[in-house]
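User: I have a new model open and would like a quick tour. Can you walk me through it?
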Amino acid sequence: MVQLFDFEKPIEELIRKITELQKFSADKKIDLSQEIAILEKRTALLKMEIYGSLEPWQKVQIARHQERPNFYDYIPLLFEDFIELKGDRHFADDRSIVGGIALFNETPVTVVAHVKGKDTKENISRNFGMPHPEGYRKALRLMDQAEKFGRPIMTFIDTPGAACDLAAEERGQGEAIARCLMAMSGYHVPVLNIIIGEGGSGGALALGVGNVVLMFENSFYSVIAPESCASILWKDTTKAKEAATALKLTAQDLQRLGIVDEIVREPLGGAHKNLRQAADELSQVIAKYLACLCQETREVLREKRYQKLRAIGVYQQIIEKSLGISGDL
């Protein structure tokens with residue numbers, strides 16, 4: 001069954017009417033092409049109107065769509081000769097983080113990605129895309145290997161957040177995430193972060209320290225899920241819509257704040273509507289930034305990543321002159 005959101009129902013109603021008219025026209029051999037053309041034009045305009053002015057909560061819904069492409073969907077469209085590498089060499093192989101080596105436009109790269117399932121069975125096996133410490137230690141092992149051999153690193157972020165169960169805490173979740181943050185800050189190879197769906201909390205940030213941050217236009221990146229934020233601030237999870245707006249979690253908000261470098265366009269309605277088109281757009285943007293980063297020296301790559309991180313959250317405070325004090329922070 002196709003997942004349909006409330007704001008998409010008017011579009012679906014028009015599509016259903018078009019299908020009925022086409023069937024009626026074929027069965028009765030009546031020419032209804034003019035009426036069908038009018039409805040098709042109305043549908044196209046309605047899509048532009050709805051998808052062109054999505055609210056933050058609606059973007060959250062699209063980012064979580066059950067058919068939204070995951071990393072495995074993008075592999076054959078972005079890379080050649082992908083070889084998956086498993087295990088953290090300490091505890092186990094975490095299936096919510098996938099990584100390996102591949103060729104991107106004939107350039108050897110290391111790729112690391114969160115992976116959610118497409119159905120209940122797969123989601124359970126991948127813990128709904130929420131990694132345990134061994135997942136982050138696997139990611140760290142692969143990224144350290146990339147640093148050793150001078151391969152650019154690409155991370156694909158799509159997680160509600162890191163696993164927060166007892167087992168994760170017992171095995172050192174906080175330490176595993178911290179080590180990823182520390183290591184990624186110091187790499188001398190190009191690092192690109194691509195947010196393809198959900199970017200939730202420290203679970204996402206653990207793979208989000210890079211020279212360039214790219215983000216699909218209907219994805220989101222936030223310190224906390226809207227439902228959790230609403231539960232904390234208002235003690236009411238039904239206020240998730242208001243929380244999504246307040247959190248400034250959309251790609252457009254984050255680009256204005258200087259956290260995201262470029263927004264990757266999606267097909268109208270979301271990446272799940274046309275996977276190949278979404279992959280083509282992403283491939284072009286990655287190629288552009290990777291070419292620029294590969295021209296930088298190792299020291300410059302590290303220094304620019306440091307400066308990029310330091311610039312996040314910088315603000316200016318203007319104090320009224322009537323107080324006799326002014327200054328910048």
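User: How far apart in helix H1 are Lys23 and Asp27?
Analyst: This is a predicted model, to begin with. Lys23 and Asp27 are 4 residues apart in helix H1, which covers residues 9-28. That separates them by about one helical turn.

User: Why does that spacing matter for direction?
Analyst: An α-helix has 3.6 residues a turn, so residues three or four places apart point the same way.

User: What do the side chains of Lys23 and Asp27 meet in?
Analyst: A salt bridge, at 3.0 Å from N to O.

User: Is Lys23 buried or exposed?
Analyst: Lys23 is exposed, at 55% relative accessibility. Asp27 is partly exposed, with a relative accessible area of 48%. The cut-off for exposed is over 50%.

User: How many salt bridges does the structure hold?
Analyst: There are 21.

User: Show me one that links distant parts of the chain.
Analyst: Take Glu227 and Arg64. Their side chains form a salt bridge at 2.6 Å, N to O. The two residues are 163 apart in the chain. Glu227 sits in helix H10 (residues 226-233). Arg64 is in the loop between helix H3 (56-63) and helix H4 (71-78).

User: And what is the accessibility of Glu227 and Arg64?
Analyst: Glu227 is partly exposed, with a relative accessible area of 25%. Arg64 is partly exposed too, at 27%.

User: What about Asp73 and Lys118?
Analyst: Their side chains meet in a salt bridge of 2.8 Å, N to O. Asp73 lies in helix H4, and Lys118 in the loop between strand E3 (107-114) and helix H5 (120-125), so the pair ties together parts that are 45 residues apart in sequence. Asp73 is partly exposed at 23% relative accessibility. Lys118 is partly exposed at 27%.

User: Which residues do salt bridges that share partners join into one network?
Analyst: Arg64, Lys116, Asp158, Glu198 and Glu227. The pair Glu227 and Arg64 came up earlier.

User: New topic: helix H13. What span should its residues give?
Analyst: Helix H13 runs over residues 275-293, which is 19 residues. At 1.5 Å a residue, it should span 27 Å.

User: Where do its end C-alpha atoms sit relative to each other?
Analyst: They are 27 Å apart, which agrees with the expected span.

User: Which residues in H13 are buried?
Analyst: The buried set is Ala278, Ala279, Glu281, Leu282, Ser283, Val285, Ile286, Tyr289, Leu290 and Leu293. Buried here means under 20% relative accessible area.

Terms used: Residues numbered from 1 in each chain as written. Predicted model: local features only at pLDDT ≥ 70, side-chain atom pairs only at ≥ 80, totals over all residues. Heavy atoms only, no water. Salt bridge = Lys/Arg side-chain N within 4 Å of Asp/Glu carboxyl O. Buried < 20%, exposed > 50% of the residue type's maximum accessible area, 1.4 Å probe, protein only. Expected span 1.5 Å × (residues − 1).
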